[in-house]
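I opened this notebook to record what I looked up in the structure, one topic at a time. The entries below follow the order in which I went through the elements.

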Amino acid sequence: MTCELAIGDRTHSSWSLRGWLPFAVWNIPVRVHTARLYTGEVQKLLENFAPSRLVPALKKDGIVVYDTLAIAETLAETYPHKPLWPTDPLLRAKARSMAAEMHSAYGALRAACPMNLAHSWAGFVPSEDVLEDCARIEFLWADALDASGGPWLCGEYSLADVFLAPVAMRFATYGLPRTDQSQTYIDRHLAEGNFRRWRAMGRAENHHQPFYDFDLAKSPWPGPAPLAAAPVDAELSINDVCPYSGRPVTDFLELDGRVYGFCNRFCRDRTVADPQAWPAFMALIAP
Ligand SMILES: N[C@@H](CCC(=O)N[C@@H](CS)C(=O)NCC(=O)O)C(=O)O
């Protein structure tokens, strides 16, 4: 039976990102249900995921697993041939420990720097407590990267990277001080395809949560700059069917003077947000 996953706003819900990434990275079929945070939508959605109180929540074979660490362990045990955890015992211990510490610590960083994949802030001044969390995280990143040789924390991409992906975003978007080694690791997350697709879907959702705003200037997005696509009203496009669904096109974007069509607005807008994140679209523009 296909897994069902309840998540919140992609731009803001760091735990939802952690819950979703394993499905994307290890190609595990899932049906995603989204609800907007700080409205009644989450609790309404979770009526089908009892006894979950928060997102993400997973339903698999009629059984609900909530809380990200439990979801990660459930997927690892369900798909033992997929390398969710590293196979090497030392690296597996490090990966499990980092994921667990992420789950139980770094309160200062999490409170001061909520995940916001819409913006990068200039002039954020971290408190001593935030800097202490950052130092601990960088110590663990260096420990793992030195032991594994990289490129991800424990060699190949693992659940450790899933759990630290939103932290990498906090370093990047709040301009937190970091070593060159951390910067390389953060850049790897910013360029990673699954993360880029998640962020693009968040941009297309366009859920603005004022709670996450800061009275600071915005700086350019620290990841790869997206190609300059724009939504456009049109009737004709280069393609007759959507590159994702194969259905007739109804919504359009323009890129480099050419018009491309999609079967709905969300497919179009997530592509506008970051065209290069979508291999099926890139195949269409450069066959
Ligand atoms: N310990 C939980 C934390 C989950 C969590 O805090 N989820 C937030 C979104 S990031 C949520 O559901 N908020 C909705 C609410 O508070 O009503 C986990 O690991 O999954």
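**Entry 1: the three-stranded sheet**

I began with an open sheet of three strands, whose order is β7-β8-β9 and whose pairing is antiparallel. I noted early on that I am working from a predicted model. At the edges of this sheet I found β7 (230-232) and β9 (258-262), each of which pairs on one side only. Ignoring direction, I read an average turn of 40° between neighbouring strands of this sheet. I then followed the pairing of strand β8 (residues 251-255) with β9, where five bridges join the two antiparallel strands, and I saw that F252 stands opposite G261 in β9. Helix α10 (residues 265-273) packs on this sheet and touches β7, β8 and β9, with a direction that makes about 15° with that of β8.

**Entry 2: the four-stranded sheet**

Next I turned to an open sheet formed by four strands in the order β2-β1-β3-β4, and I recorded its pairing as mixed. Here β2 and β4 (63-66) stand at the edges with a single partner strand each, so one side of each is left without a neighbour in the sheet. Ignoring direction again, I read an average turn of 20° between neighbouring strands.

I looked up the pairings of β1 one by one. Strand β1 (residues 3-7) runs parallel to strand β2 (residues 30-34), and five bridges join them; the bridge partner of E4 in β2 is R31. Between these two strands the chain passes through α1, and I noted that this β-α-β crossover is right-handed. With strand β3 (residues 57-60), β1 pairs in the antiparallel sense over three bridges, and there the bridge partner of L5 is L58.

I also checked which helices pack on this sheet. Helix α1 touches β1 and β2, and its direction makes about 155° with that of β1. Helix α3 (residues 68-78) touches β3 and β4 instead, and its direction makes about 125° with that of β4.

**Entry 3: the ligand shell**

Which residues come nearest to the ligand? Of the 13 residues around the ligand, I listed S13, W15, L54, V55 and T68 as the nearest. Helix α1 (residues 14-25) contributes three residues, the largest share of the shell. Sorted by class, I have six nonpolar, six polar and one charged residues around the ligand.

**Entry 4: α6 against α8**

I then examined helix α6 (residues 128-148) and helix α8 (residues 180-191), whose axes come within 10 Å and cross at roughly 80°. That angle makes α6 roughly perpendicular to α8. From α6 I listed E138, W141, A142 and L145, which meet Q181, S182 and Y185 in α8. By class, this contact has four nonpolar, two polar and one charged residues.

**Entry 5: backbone details**

Finally I went through the backbone in some of the loops. The peptide bond from A50 to P51 is cis, with omega near 10°, and I placed P51 in the loop between α2 (41-46) and β3. The peptide bond from G150 to P151 is also cis, with omega near 5°; P151 lies in the loop between α6 and α7 (159-173). My last note concerns N27, a residue other than glycine with a positive phi, near 55°, which I located in the loop between α1 and β2.

Definitions and conventions: Residues are numbered from 1 along each chain as its sequence is written. This is a predicted model: local features need pLDDT of at least 70, side-chain atom pairs count only at pLDDT 80 or more; totals for chains, interfaces and linings use all residues. A residue is near a molecule or strand if its C-beta atom, placed from the backbone, lies within 6 Å of it. Ala, Val, Leu, Ile, Met, Phe, Trp, Tyr, Cys and Pro count as nonpolar, Asp, Glu, Lys and Arg as charged, and the others, Gly among them, as polar. Axes are lines fitted to C-alpha atoms, for helices over the stretch in contact, and angles run from 0 to 180 degrees between N-to-C directions. Angles under 35 degrees count as roughly parallel, over 145 as roughly antiparallel, 65 to 115 as roughly perpendicular and the rest as oblique. Two residues are in contact if their C-beta atoms, placed from the backbone, lie within 7 Å. Two strands pair if DSSP finds at least two bridges between them. A crossover is right-handed if, with the strands pointing away from the viewer, the path from the first strand over the helix to the second runs clockwise.
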